[in-house]
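Thanks for sharing this one. Here are a few friendly notes to read alongside the model.

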Amino acid sequence: DLPQIKTRPVFSGGQTGTQVWILPFFTDSLSGDIKKVISFSLEYKEKSSFAGSEAIYRKSDPFESVLASGEWYKIALTESGAYKIDFSFLVSLGLNPASIDPRNLRIFGNGGYLLPQKNDEPVPEDLEENSIIVVGEEDGQFDQNDYILFFGLSPHKLEFKQGSDGYYVDYVNNIYSDTTFYFLNISDTPGRRIIDKEDLGDNYPVIRTFDQLLKYELDQLNILKSGREWYGEKYDLKTTYDYEFETPGLAENEELKIISSVMAASYNPSYFELEVNGFTVGQQDMDVIPETKYGIKGKTRTDTFSISTGIFPGTTDKLDLKMRYVKSSSTDLSAGYHDFFNIWCKRDLGIYETQTYFQSIESLENPFSTFSIADDGSDYTIWEVTDPFSPLNQRFSTVNGRSLFGTETTQLKKFVIFSDNN
């Protein structure tokens, strides 16, 4: 028998090579004796086909980014929603809008979610062009009353995701940035534009509420001064904190879910107690940590509390959360830390503040649904933003103070309604 030899190609620092393993012992097939390799010679030959194996280590062949040509302007935003770029904003960028052909205006961006830690997960290699609307572009001039509308994403991921037991909250807080960047491009060619989506009518099951997700997270304390875990309020000398969420139109007699994530550094039993609008909804019992120098410095816990909004008297337009950390004794030196709250609530479909982002898990019970939105008679625009990079202008009708539209709902659709005048 021959010694066992294994090889594999490697790619590092732009150089290619081969890694070789040799087991220096083998059995002589004639005598049965075990022999040891004392020395050997290695002849290395490059094959022209070896270059193909570099694809294993490189994401793709070199390419020219869209940023390589044209005029580019960086735009910062912090919340998901519809955004407007008007004449004065372009002037603030140092541009002369009157010299721009608005048909060649383009917006690029990939949102701002946290990149995956695993380097083998697919990520965009370049900026993606987003569909936009340029009001008044038909005449080929950007006039005083012309403007751009586009949809932008927050840097923090907060959305519904379907699991084996139904939908759950998929939340990833971006610890590296509180800002998403999009890029305005003045090109020589026309850009992508938002197209209309047909209103299928009002003959389907009617949806009058929507599922809203709210979050609270304050990243200001890193207990280990290392790693990716950050916490907000410290429950130590002060053991009670209040948190307020505005929820006008909170639907009555509907389930309300509160996801609470906390951490405690305590050698003795302790717990967090949560109240909502004066009602105790539950507590989070915290595990103790060992009294060792190099042991675990804290124990985390995440729980979901479910209550009915029917317990609140009358109409409720906000949720007042009170979190209290209870130690084993007044002399206990333990401390608690707040990580985040996620709130999943149902609200009546209406127009709140400057714009309303809405989706309905109830609509998934029907292949087609009619959404019914209370409005105040003003002019509004509705976009479907299920694909946030390619919004669709959802057509709708207005009947008796409500905006109505029908659409297919075999998947969870996402929408935003807003006023062009805002």
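The points below cover two sheets and one loop residue.

1. A word on the basis first: this is a predicted model, in which local features need pLDDT of at least 70 and side-chain atom pairs count only at pLDDT 80 or more, while totals for chains, interfaces and linings use all residues. Residues are numbered from 1 along each chain as its sequence is written, and side-chain values use heavy atoms, without hydrogens or water.

2. One open sheet holds 3 strands in the order 6-10-9, with antiparallel pairing. Its edge strands are strand 6 (81–86) and strand 9 (133–135), each pairing on one side only. Neighbouring strands here are turned by 25° against each other on average, direction ignored (axes are lines fitted to C-alpha atoms, with angles from 0 to 180 degrees between N-to-C directions). Strands are DSSP runs of E with at least two residues, helices runs of H or I with at least four, numbered from the N terminus; two strands pair if DSSP finds at least two bridges between them.

3. Within that sheet, strand 6 and strand 10 (residues 147–152) are joined antiparallel over 6 bridges. Y83 sits opposite F150 in strand 10.

4. A further open sheet has 4 antiparallel strands, ordered 5-13-7-8. Strand 5 (71–77) and strand 8 (129–130) each have a single partner strand, so one side of each lacks a neighbour in the sheet. Strand 7 and strand 8 share 2 bridges, and I107 stands opposite N130 in strand 8.

5. Do look at N104, in the loop between helix 1 (87–92) and strand 7 (105–108). N104 counts as buried because its relative accessibility is 12% (buried means under 20% relative accessible area, exposed over 50%, partly exposed in between; 1.4 Å probe, protein chains only). Beyond neighbours within four places in sequence, N104 has contacts that include N185, D188 and R193 (contact means heavy atoms within 4.5 Å).
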